[in-house]
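This report looks at charged side chains and aromatic rings. Please keep the structure open while reading.

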Amino acid sequence: MKAISYAFFVTEAEYAKLQAACLGEFPFTYAQFCARVDQSIRDSAETVAVEKVYASVDKFLAWCAETRVQPNNLSRARYAVLIGHPRSSD
């Protein structure tokens, strides 16, 4: 059985906001961003099932402010898990 992971992903319309929020972390085009995420998913495929999680950058930034974390790689990973596998409301 494979572990499950979630990849933070945004639409092309949201990409410029992500670049502005995470200065210096996304110096590549949206096409390159997509290719890098897809390659990472392929590289992990033997051991981990990775799902892309489409995130709203505005909601991500609001979550960062609420939880008092910087918008960076670690916080994007944590947020992807949060929205990819939300807790049960039970």
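What follows covers salt bridges, then ring pairs, then a charge over a ring.

The model is predicted: local features need pLDDT of at least 70, side-chain atom pairs count only at pLDDT 80 or more, and totals for chains, interfaces and linings use all residues. Residues are numbered from 1 along each chain as its sequence is written, and side-chain values use heavy atoms, with hydrogens and water left out.

**Salt bridges**

A salt bridge is a side-chain nitrogen of Lys or Arg within 4 Å of a carboxyl oxygen of Asp or Glu. The count is four. Three of them, among those four, are listed here with their N to O distances.

| Lys | Acid | Distance |
|---|---|---|
| Lys-17 | Glu-14 | 3.6 Å |
| Lys-17 | Asp-58 | 3.0 Å |
| Lys-52 | Asp-38 | 2.7 Å |

Helices (H or I, at least four residues) and strands (E, at least two) are DSSP runs, numbered from the N terminus. Buried means under 20% relative accessible area, exposed over 50%, and partly exposed in between (1.4 Å probe, protein chains only).

Glu-14, Lys-17 and Asp-58 form a salt-bridge network. Lys-17 and Glu-14 share helix α1 (residues 12-21), three residues apart, about one turn of the helix. Glu-14 is buried because its relative accessibility is 17%. Lys-17 is partly exposed at 35%. The side chains of Lys-17 and Asp-58 also meet in a salt bridge. Asp-58 lies in helix α3 (residues 57-67) and Lys-17 in helix α1, so this pair ties together parts 41 residues apart in sequence. Asp-58 is partly exposed at 46%.

Lys-52 bridges to Asp-38. Lys-52 lies in strand β2 (residues 48-54) and Asp-38 in helix α2 (residues 30-44), so the pair ties together parts 14 residues apart in sequence. Lys-52 is partly exposed at 31%, and Asp-38 is partly exposed at 27%.

**Aromatic rings**

Rings of Phe, Tyr and Trp (its six-membered ring) pair if their centres lie within 6.5 Å; planes under 30 degrees apart count as stacked, over 60 as edge-to-face and the rest as tilted. There are 14 aromatic pairs. Phe-8 and Tyr-79 are tilted, because their centres are 6.4 Å apart and their planes at 55 degrees. This pair links strand β1 (residues 3-9) to helix α4 (residues 73-84), 71 residues apart. Phe-8 is buried at 10%, as is Tyr-79 at 7%.

Tyr-15 and Tyr-30 are edge-to-face, with centres 5.5 Å apart and planes at 65 degrees. Tyr-15 is in helix α1 and Tyr-30 in helix α2, 15 residues apart. Both are buried. Ring pairs place them in a cluster with Phe-9, Phe-26, Phe-28, Phe-33 and Tyr-54.

**Charge over a ring**

A charge sits over a ring if NZ of Lys or CZ of Arg is within 6 Å of the ring centre and within 35 degrees of the ring normal. Lys-52 lies over the face of Phe-9, 4.4 Å from the ring centre.
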